[in-house]
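Me: I'm new to this one, so let me ask how each label is earned. Can you walk me through it?

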Amino acid sequence: MNLTPTGLVVMPLGVVSAATALFVMAVDAAEDIRIVAPGTLMIAAVLLYAALLFYLGRSGIANVRKLEARAITDPLTRLPNRHALHEDIQLHSQANDEVALAIIDLDSFKQVNDHYGHAVGDQLIETCAAMIREACGDEALCYRLGGDEFAAMMTGKVAGTILEGMCRTLLARMAAPVAVGERHVTVGASIGLTRSTAEMRIPSSEMLRRADVAMSMSKRGGKMRCTWFNESFDRRRERVREIEDEIRSGITADEFTVAYQPLVDAESSRIVAVEALLRWDRGERAPLGPNVFIPVAEDCGLINPLGLWVLRRAVTDAMRWGDVALSVNISAAQLRNPEFPIKLGEVLEETGFPAHRLELEVTETCLVLDPVVAERTLDVIRLFGVRIALDDFGTGYASIGFLRRFRFEKLKLDRSLVELAGVDDASRAMMLSSIALARALNMGVTAEGVETPEQAELVRLAGCDQIQGWLYYRAMPAHEIDRLIAKQASDDDAAANPPVRREGGNAA
Ligand code: C2E
Ligand code: MG
Ligand code: MG
């Protein structure tokens, strides 16, 4: 039987009309033929009519029930859906118990779906639903809210604490690869938690919003974690929205500039490269560093126009700096943008900047989020002759496989690693092995954030070929780099053409 709402209504109505027509015909026939026992036919018709109505009534109710169930059930996982969750929260909020809610968002579902197709994506959703169901056991109710978002709800005196424990168990389980068909994928999840108590009841829609905000904080904090909602998150979101508006108007008002930090050769201390670093001239307003405003620009997509502007500005400035290499930082959102390699090609063509002098710095997080797309984009970029450096190495979990896969031309050791290597043996061992590994894979190595002569000596002896840090230079405006490069060129000239000394006389 067709269970769509229209089918359900149309079909019983059709059958009822047919039965009614039959009943009317029977009455007419009984009257027309004036048979001996017209009452018998009438009674038979009435009974048939009644039986039909009874049957239709029962099957109609069953169908309505099915429809209702369908309205609150997710068809793929058979878990109750968002609508059911709202109803359950409202129902349980009437009792005196605590109501705790967790929103569970899968971390890498989109990539699995994009790379392996929707059938595999669906299988993964079913597998994850089973894992969540198992983690919830009989104590919590679980739901699929749509896409790769699930929820778990629990009521009771210490519901929040128990639910958090369950979520942590679930995360531990999700850290391991799961079998999906013939593949093994690690999907991971980010979880947001919130609760409503008898003293402070929160409407279901607000509970969902809070758990969702907390979940996005888990994502922002590095994924694979649980975060409890906190009122300050709302204030933070408000501030983020303000910064977003300010970035937008700052772009129009030309408030952004690019500063350049020189990188020196570890042996000769000559400037061999500069890194372009974005700066925001906010006038009277409180200053904001790139560590604050770039993540905001990344989240709202403004990093695309902003990052492209940095690239164009930097290659235009660096045209004046001889053979000094130029490094430009590239965000994950830029790397994911299919337009990026095209725009890069346009910038190189319009400015005539030699591609071999350009190096793009990417971070590990930028690549692990979507390695397949990242690899493809990096391959296109390399076709131009542009080199790729892995920035902030030592802050993440880059494996040997990861380094081999992406074949970076350069590894930049993060400041934290350089700093710790100076004081602790384990970090020093890690730094030395990272350098050895990079060398074995034919990568150049730069030490970042070198602030003391001891650190410089350590990284030089360890085999770094370039050094960047305040010990040598801080980031500075382009016109100061002009001056430094000009001085370096004249020093080189002077060294190549030493003044001719007249025998027995003074220098000419
Ligand atoms: P990064 O790419 O790792 O850049 C190096 C950061 O370390 C810069 O901070 C630099 O000023 C700082 N630094 C260099 N030497 C030293 C040192 O000896 N001591 C200390 N304490 N710090 C040192 P900055 O300019 O604040 O930039 C922070 C981060 O913002 C950059 O880290 C990069 O990830 C990001 N960023 C900056 N400009 C851009 C950009 O144009 N695009 C993108 N996507 N990200 C950018
Ligand atoms: Mg960098
Ligand atoms: Mg760095």
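Reply: Sure, let's start with two helices. Arg428, Met431, Leu432 and Ile435 in α17 meet Leu458, Val459 and Ala462 in α18, where contact means heavy atoms within 4.5 Å. Bear in mind that this is a predicted model: local features need pLDDT of at least 70, side-chain atom pairs count only at pLDDT 80 or more, and totals for chains, interfaces and linings use all residues. Side-chain values use heavy atoms, with hydrogens and water left out, residues are numbered from 1 along each chain as its sequence is written, and chains are lettered from A and ligands numbered from 1 in the order in which they are written.

Me: What kinds of residues make up the contact of α17 with α18?

Reply: They divide into six nonpolar, no polar and one charged. Here Ala, Val, Leu, Ile, Met, Phe, Trp, Tyr, Cys and Pro count as nonpolar, Asp, Glu, Lys and Arg as charged, and the others, Gly among them, as polar.

Me: Why is α17 called oblique to α18?

Reply: The axes of α17 (residues 425-440) and α18 (residues 453-462) come within 10 Å and cross at roughly 40 degrees. Angles under 35 degrees count as roughly parallel, over 145 as roughly antiparallel, 65 to 115 as roughly perpendicular and the rest as oblique. That makes α17 oblique to α18. The axes are lines fitted to C-alpha atoms, for helices over the stretch in contact, and angles run from 0 to 180 degrees between N-to-C directions. The helices (H or I, at least four residues) and strands (E, at least two) are DSSP runs, numbered from the N terminus.

Me: Which residues are the protein donors of the magnesium ion (ligand 2)?

Reply: They are Glu275 (OE), Asn329 (OD1), Glu361 (OE) and Asp391 (OD), lying 2.0 to 2.3 Å from the ion. Donors are N, O and S atoms within 2.8 Å of the metal (3.2 Å for Na, K and Ca), and water is not among the atoms, so sites may look incomplete. Along the chain these donors follow the spacing E-x53-N-x31-E-x29-D. Glu275 sits in strand β9 (residues 271-280) and Asp391 in strand β12 (residues 387-393), so the pair ties together parts that are 116 residues apart in sequence.

Me: What makes Asp391 a bridge between the magnesium ion (ligand 3) and the magnesium ion (ligand 2)?

Reply: Asp391 coordinates both ions, which are 4.0 Å apart. The protein donors of ligand 3 are Asp391 (OD), Asp392 (OD), Glu448 (OE) and Glu448 (OE), at 2.0 to 2.5 Å from the ion. Distant parts of the chain are linked here too, with Asp391 in strand β12 and Glu448 in the loop between β14 (444-447) and α18, 57 residues apart.

Me: Why does Glu448 count as buried?

Reply: Buried means under 20% relative accessible area, exposed over 50%, partly exposed in between (1.4 Å probe, protein chains only). Glu448 is at 10% relative accessibility, so the buried label fits. Asp391, with a relative accessible area of 6%, is buried as well. Val347 is buried at 1%; this residue lies in helix α12 (residues 340-351). Leaving aside neighbours within four places in sequence, Val347 is in contact with Leu311, Arg312, Val315 and Gly352.

Me: How do you know that β11 is largely enclosed by the rest of the structure?

Reply: Five of the five residues of β11 are buried, so the label follows. Leu358, Leu360 and Val362 point one way from β11, while Glu359 and Glu361 point the other way. In a regular strand the side chains alternate between the two faces of the sheet. As for β12, five of its seven residues are buried, and this strand is mostly covered.

Me: What makes β11 and β12 a pair?

Reply: Two strands pair if DSSP finds at least two bridges between them. Four bridges join β11 (residues 358-362) to β12, and the two run parallel, so the pairing rule is met. One bridge partner in β12 is Ala389, opposite Glu361. Three bridges join β12 to β13 (residues 410-413), also parallel, and Leu390 stands opposite Leu411 there. On the other side, four bridges join β10 (residues 325-329) to β11, in parallel.

Me: Which strands form the closed barrel?

Reply: The eight strands run β8-β9-β10-β11-β12-β13-β14-β15, with mixed pairing.
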